[in-house]
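Got your viewer open? Let's take a walk through this one together, stop by stop.

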Amino acid sequence: MRMLNVEKLSVVLAGAILVLSSVQLQAAVVFSNYSYIDMAGYADDYNLLGSAAYSDYASNADLFDFPSMATDNQGSSMVDGAGVETAFAESDAWVDIGDVTTVGNTSSISGYVDAYASAYAATLDQDAYAYSDAVVDLDFSIDSVYAYEFSAEWMEASGDASFYYDLYSWDSGNTIFSGELIDDSEAPWITGSLSAGNYNLLIKAITDADAFAIDYSWAEGDFELSLTATPVPVPAAVWLFASGLVGLVSVAGRKNKYKETFARYNHE
């Protein structure tokens, strides 16, 4: 009877090894965020008498947490003696980063960036210039092989503006993918696989405006990065050990049955 209990226990243990060896260990995705808004501009009025009126601005905002959002709008203008605006520079920027969402073995993060710049000058004796950058700078690490998907519902850029995206490996020093959307370029949808390591995702909306070149420009769009852990292959040694244990248990079971039959025969 004791041998039979040992046999049952061995079978249970063998089954447990097979089950555990087939379970996917949950890998981890760790995001850290540094994003910012940077803008500057000026408006100048140079008249024929040699005197000058001048105004400028510079602004920036830094984001470090999830979720995070920052907006900023700055302007600089010139007016004449009658109070009429004769030159101006204006910038607007918006950065919005959402929470990291995990469903099963998939983690994803999304965000939105917007940059706008505008400049105007009434005469050639004046000048106005503005620029605005909205940047998402994400570092993340993974401890296993992950399939990734980088996508956007829409991205747009017009004037002297662009929407730039880049995925970089800190460990290898290689760029996984990069692209720049200008005017009506198609929004990206990129897939691939990443090994365990440390990475950086950079998203930029960049704009410039000059009163006598391009008087306004803008770039805006969203993005999402999804990372899905891929199954970890079960080591061959585990399968060999498990199958060998099952085989030994099977042999032990036959021996136990033989001993019980022999004992009953002698008893009779």
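Before we start, one bit of vocabulary: two strands pair if DSSP finds at least two bridges between them. Keep in mind, too, that you are looking at a predicted model.

**The whole chain**

Show everything as a cartoon. You should find two helices and 14 strands in the protein chain. Of its 268 residues, 37% are buried. Now think about who touches whom: among contacts between residues at least 6 apart in sequence, 75% join residues at least 24 apart. Switch on a surface and you are looking at about 14,900 Å² of exposed area, with carbon and sulfur atoms supplying 57% of it.

Next, colour by pLDDT. The chain's mean is 79, and 73% of the residues reach 70 or more. Pick residues 18–25, where pLDDT stays under 50; the model has nine contacts beyond four places in sequence for this stretch. Then pick residues 261–265, also under 50 throughout, with zero such contacts.

**Stop one: β9 and its partner**

Select strand β9, residues 155–158. Which residues are on its covered face, and which are on the uncovered one? M155 and A157 sit on the covered face, while E156 and S158 are on the uncovered face. That fits a general pattern: in a regular strand the side chains alternate between the two faces of the sheet.

Now add strand β14, residues 216–229. Four bridges join β9 to β14, and the two run antiparallel. Click on A157 and look across to β14: its bridge partner there is A219.

**Stop two: a cis bond and a hairpin**

Zoom in on F66 and P67. The peptide bond from F66 to P67 is cis, with omega near -15 degrees. Worth a second look, because most peptide bonds are trans. P67 lies in the loop between β2 (52–63) and β3 (68–79).

Carry on into β3 and show strand β4, residues 85–97, next to it. Twelve bridges join this antiparallel pair. For one example, select S68 and find I97 of β4 standing opposite. β3 and β4 form a hairpin with five residues between them. In that turn, select G83: its phi is positive, about 85 degrees.

**Stop three: the aromatic rings**

Show the side chains of the Phe, Tyr and Trp residues. How many aromatic pairs does the structure hold? There are twelve. Select Y165 and F177 for a tilted pair, 6.4 Å centre to centre with 55 degrees between the planes. Y165 belongs to strand β10 (residues 160–169) and F177 to strand β11 (residues 175–181), so the pair ties together parts that are twelve residues apart in sequence. Are these two buried or exposed? Both Y165 and F177 are buried. Add Y148 and F150 to your selection, and you have a cluster of four linked by ring pairs: Y148, F150, Y165 and F177.

**Stop four: three buried polar residues**

Start with Q126, in strand β7 (residues 126–142). Q126 has a relative accessible area of 6%, so this residue is buried. A polar atom of the Q126 side chain lies 3.0 Å from the backbone nitrogen of A122. Looking beyond four places in sequence, Q126 is in contact with D44, D45, T86, A87, A121 and F212. Try the distance tool on Q126 and F212: they are 86 residues apart in sequence, yet 9.7 Å apart in space, C-alpha to C-alpha.

Next up is S107, in strand β6 (residues 106–121). S107 is buried as well, at 8% relative accessible area. Its side chain makes a 3.0 Å polar contact with the side chain of T102. Outside its neighbours within four places in sequence, S107 has contacts that include V29, L225 and L227.

Finish at N200, in strand β13 (residues 197–210). N200 counts as buried because its relative accessibility is 8%, with the cut-off for buried being under 20%. What does its side chain reach? One polar contact, 2.6 Å, goes to the side chain of D137, and the N200 side chain also comes to 3.1 Å from the backbone oxygen of L138. Widen the selection to what N200 touches more than four places away in sequence, and you pick up residues including D139, D166, Y168 and W170.

Notes
Residues are numbered from 1 along each chain as its sequence is written. This is a predicted model: local features need pLDDT of at least 70, side-chain atom pairs count only at pLDDT 80 or more; totals for chains, interfaces and linings use all residues. Side-chain values use heavy atoms; hydrogens and water are left out. Rings of Phe, Tyr and Trp (its six-membered ring) pair if their centres lie within 6.5 Å; planes under 30 degrees apart count as stacked, over 60 as edge-to-face and the rest as tilted. Buried means under 20% relative accessible area, exposed over 50%, partly exposed in between (1.4 Å probe, protein chains only). Contact means heavy atoms within 4.5 Å. Accessible areas come from the Shrake-Rupley method with a 1.4 Å probe; for residues, only the protein chains shown count as cover. pLDDT is the predictor's confidence in each residue, from 0 to 100. A polar contact is a pair of N or O atoms within 3.5 Å; within protein, one must be able to donate a hydrogen and the other to accept it, and residues adjacent in sequence count only if both atoms are side-chain atoms.
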